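Below is a guided reading of one structure, taken region by region. Please keep the sequence and the coordinates in view while reading.

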Amino acid sequence: MTKILAGDLDTHVQRLPPTIPVDGEAPVVVFIHGLLTDSLASYYFTLGPAFAAAGVDVVMYDLRGHGKSDRPATGYHLERFVADLVALLDALEITRPVHLVGNSFGGSIAFGLAAAHPERVATVIAIEAEPPVQAWTVRMAEGLDLAKSQLTQDAVIDWIAVNNGKHTARLSRAAGRLLQVTSMLEDIPVSDTIADDLSAIRCPVLAIFGADSGLSRQVPYFESYLSSCRTVVLPDQGHSVLIERTDETRDAILGWVRDHALGRVG
Amino acid sequence: MSVETTAPVTEAAVLNEIAGMLRVLLDEYGLDDVEITRDTKFHEDLELESIDLVSLSADLKERYGNEVNFAEFIAGFDLEEIIAMTVGQLVDHVVVSLRAAARG
């Protein structure tokens with residue numbers, strides 16, 4: 001297993017170098033997974049290998065508290081996740097701007113980094129994600145409260161096992177535990193936020209949504225406030241865009257990275 | 001690093017090596033005396049999560065080099081199929097890959 005010390009956090013990283021020759025420097029794409037039941041596995045078994053095969057330098061990592069990275073009891077404000085990512089890029093000696101792919105909460109981290117350190121970010125690719133504005137903290141508080149009350153009940157876990165399979169049930173139980181043993185539920189809703197006019201986000205943004213997920217309602221908001229934005233809405237699709245619509249997601253992001261890369265991508 | 005190709009690649013040897021990698025993984029969870037056979041399922045029997053299979057994949061790459069491409073092998077599977085996989089399926093893939101590489 002590949003673990004590196006990034007800041008004060010022992011971080012599980014999987015890096016896939018490009019598997020084809022690239023003119024100049026390969027674009028670096030950092031993949032950021034979502035909260036609670038998620039880990040870098042969601043990228044490792046979907047987009048990661050395809051990006052390396054297309055000439056991308058792929059960085060996937062487990063967020064604090066998740067997968068095989070450290071799980072401190074406290075320190076789960078969005079800005080801590082952002083600082084972890086900066087520390088990771090520093091530890092990997094990646095100094096040029098990177099493309100950030102963020103799924104769900106991972107997208108909020110990507111927006112957070114683009115706002116805090118614009119010099120580190122080439123573009124943001126947000127899959128089913130919200131920028132960390134004030135309203136986002138309210139929705140996160142509600143969602144995390146609900147998750148904690150539900151995922152710590154055996155009856156709910158049993159229901160998930162029947163309806164979504166045992167693997168999801170086990171991940172859900174682990175998610176409930178994560179909310180019990182860390183301050184995530186308390187920390188995330190009081191995270192630093194950015195202004196509603198999204199003026200802090202100055203890099204190009206590709207936003208991918210499922211049409212049936214409530215998050216796709218943000219499309220007009222993104223298009224009117226972000227200075228450079230492309231949106232993709234996948235019909236008949238809910239929140240699980242990355243897992244259920246992997247091929248379309250891969251093609252949209254690879255095309256975007258090609259359009260925004262200095263080096264040629266195969 | 002790549003596997004020595006002078007010795008014939010046997011299923012038993014590969015199973016033994018993969019079982020060793022799995023025992024190291026399981027040891028992290030305090031499980032150190034699990035029987036591992038061809039029919040053992042990664043998720044159902046060993047309670048491994050998808051993130052554990054990432055670790056296993058990295059171990060395979062370290063042991064067998066690029067001749068065994070686990071990521072490519074599972075590219076056609078969805079996540080549920082990946083976790084439903086048996087140890088035997090993986091052993092067969094490794095054996096086939098190594099024999100193909102040995103033939104050049």
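The paragraphs that follow treat the core, a pair of helices in each chain, one loop residue and the contact between the chains.

The model is predicted. A convenient starting point is the largest nonpolar core, which has 99 residues. A:Val29, A:Leu100 and A:Val124 are the residues with the most contacts inside this core. For A:Val29, leaving aside neighbours within four places in sequence, the residues in contact are A:Phe51, A:Val56, A:Val58, A:Val98, A:His99, A:Val101 and A:Val257.

Chain A also offers a helix pair to examine. Helix H5 of chain A spans residues 134-151, and helix H7 of chain A covers 166-181. The axes of H5(A) and H7(A) come within 9 Å and cross at roughly 115°, and the crossing is left-handed. H5(A) contributes A:Leu144, A:Ala147, A:Lys148 and A:Leu151 to the contact, while H7(A) contributes A:Ser172, A:Arg173, A:Ala175, A:Gly176 and A:Leu179. Sorted by class, the residues of this contact are 5 nonpolar, 2 polar and 2 charged.

Chain B has a helix pair of its own. Helix H1 of chain B (residues 11-27) packs against helix H2 of chain B (residues 50-64) at an angle of about 135°, and their axes are 10 Å apart. Angles over 145 degrees would count as roughly antiparallel and those from 65 to 115 as roughly perpendicular; H1(B) and H2(B) are therefore oblique to each other. H1(B) passes H2(B) in a right-handed crossing. From H1(B), the residues B:Glu17, B:Met21 and B:Leu25 meet B:Asp52, B:Ser55, B:Leu56, B:Asp59 and B:Arg63 of H2(B). The class division of this contact is 3 nonpolar, 1 polar and 4 charged.

A:His77 lies in the loop between strand S4 (57-61) and helix H3 (78-91) of chain A. Is A:His77 buried or exposed? It takes 20 or more C-beta neighbours within 10 Å for a residue to be buried; A:His77 has 19 inside that distance and therefore counts as partly exposed. Not counting residues up to four places away in sequence, A:His77 touches A:Asp187, A:Ile188, A:Val190, A:Ser191 and A:Asp192. The C-alpha atom of A:His77 is separated by 31 Å from that of A:Asp158, 81 residues apart along the chain.

The last region is the contact between the chains, where 16 residues of chain A are in contact with 16 residues of chain B. On the side of chain A that touches chain B, helix H1 (41-44) and helix H7 of chain A each supply at least two residues. H7(A) gives the most, with 3 residues. The residues of this side of chain A divide into 8 nonpolar, 6 polar and 2 charged.

Conventions. Residues numbered from 1 in each chain as written. Chains lettered and ligands numbered in written order. Predicted model: local features only at pLDDT ≥ 70, side-chain atom pairs only at ≥ 80, totals over all residues. Axes fitted to C-alpha atoms, helices over the stretch in contact; angles between N-to-C directions. Helix = DSSP H or I, 4+ residues; strand = E, 2+ residues; numbered from the N terminus. Parallel < 35°, antiparallel > 145°, perpendicular 65-115°, else oblique. Left-handed = near helix turned anticlockwise from the far one by under 90°. Contact = placed C-beta atoms within 7 Å. Nonpolar A, V, L, I, M, F, W, Y, C, P; charged D, E, K, R; others polar. Core = buried A, V, L, I, M, F, W, Y, C linked by C-beta atoms within 7 Å. Buried ≥ 20, exposed ≤ 12 C-beta atoms within 10 Å, placed from the backbone.
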